[in-house]
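Q: I have a protein-DNA model open and don't know where to begin. Can you walk me through it?

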Amino acid sequence: MARNPHYTQIWQTVCAIPAGKVASYGQIADLAGLPGRARLVGKSLGVAPKEMNLPWFRVLRSSGQLAFAAGSEQALNQAGLLQEENVVVLRNRVKLAEFQWKPTLDEMLWKLNH
DNA sequence: CTAATGACGTATC
DNA sequence: CGATACGCCATTA
């Protein structure tokens, strides 16, 4: 992997997002113990090896918009993957009020125990 | 070392 | 809601 600053921690957090739910970059950064490093989360996903089956598509902007430009390959791909998990995507954005992941203590503990 | 960059976020207008 | 500006920070040039 491209060195190892905090990428592993971020990947782990992303993996903890349950199917059918989404999280924002800032939220992931925060949960990973890296407040203010939302951009680093994006970079981490960019360099993440596909072999680990990372649910990168469950990560979007704080506004609910997909991280990619509407109409782009990646955006359409992401939207499709999300809808496979019952997540509604309209105009390249997701209704956070309904689908944003709210980590519970059990899930946090599971991640820590991992 | 300095400058630019980016799958971001918040505040303004 | 859209367009800008600025802040953040690891990484790259």
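A: Sure. Start with one contact: a backbone N or O atom of Leu45 lies 3.4 Å from a base nitrogen of DNA strand B. Keep in mind that this is a predicted model.

Q: Which atoms meet the phosphate oxygens of DNA strand B?

A: Look at two residues here. An N or O atom in the side chain of Arg61 is 2.9 Å from a phosphate oxygen of DNA strand B. For Ser62, a polar backbone atom is 3.0 Å from a phosphate oxygen of the strand.

Q: Which elements give two or more residues to the surface near DNA strand B?

A: Those are helix H2 (25-31) and helix H3 (38-47). H3 gives the most, with 5 residues. The residues around the strand include Ala38, Arg39, Gly42, Leu45 and Gly46, as well as Trp56 and Phe68.

Q: What kinds of residue make up that surface near DNA strand B?

A: Sort them by class and you get 5 nonpolar, 5 polar and 2 charged. You can sort the DNA side too: of the atoms of strand B within 4 Å of the protein, 42% belong to sugar or phosphate, and the rest belong to bases.

Q: How do I read a helix for its buried and exposed sides?

A: Here's the general idea: an α-helix has 3.6 residues a turn, so residues three or four places apart point the same way. Now try H3, where the buried residues are Val41, Ser44 and Leu45. They sit on the same side of H3 because they cover an arc of only 95 degrees around the axis. Arg39, Lys43 and Gly46 are exposed on the other side of H3. For the record, buried means under 20% relative accessible area and exposed means over 50%.

Q: How much space lies in the largest pocket, and which residues lie nearest its centre?

A: The largest pocket holds about 550 Å³ of space. It is lined by 21 residues, and Tyr25, Leu45, Gly46, Trp56 and Phe68 lie nearest its centre. Now look back at the list around DNA strand B: Tyr25, Leu45, Gly46, Trp56 and Phe68 are on it.

Q: Which helices supply the lining of the largest pocket, and what classes of residue does the lining have?

A: H2, H3 and helix H4 (73-83) each supply at least two residues of the lining. H3 gives the most to it, with 5 residues. By class, the lining has 10 nonpolar, 8 polar and 3 charged residues.

Note on methods:
Residues are numbered from 1 along each chain as its sequence is written. Chains are lettered from A and ligands numbered from 1 in the order in which they are written. This is a predicted model: local features need pLDDT of at least 70, side-chain atom pairs count only at pLDDT 80 or more; totals for chains, interfaces and linings use all residues. Side-chain values use heavy atoms; hydrogens and water are left out. A residue is near a molecule or strand if one of its heavy atoms lies within 4 Å of it. A polar contact is a pair of N or O atoms within 3.5 Å; within protein, one must be able to donate a hydrogen and the other to accept it, and residues adjacent in sequence count only if both atoms are side-chain atoms. Helices (H or I, at least four residues) and strands (E, at least two) are DSSP runs, numbered from the N terminus. Ala, Val, Leu, Ile, Met, Phe, Trp, Tyr, Cys and Pro count as nonpolar, Asp, Glu, Lys and Arg as charged, and the others, Gly among them, as polar. On a 1 Å grid over the protein atoms alone, a cavity is a set of points where a 1.4 Å probe fits but cannot get out, and a pocket is an open set with protein on both sides within 12 Å along at least five of seven lines; lining residues have an atom within 4 Å of a point. Grid points are joined across faces, edges and corners, and a volume is the space filled by probe spheres set on the points. Buried means under 20% relative accessible area, exposed over 50%, partly exposed in between (1.4 Å probe, protein chains only). The arc is that of the directions from the helix axis to the C-beta atoms.
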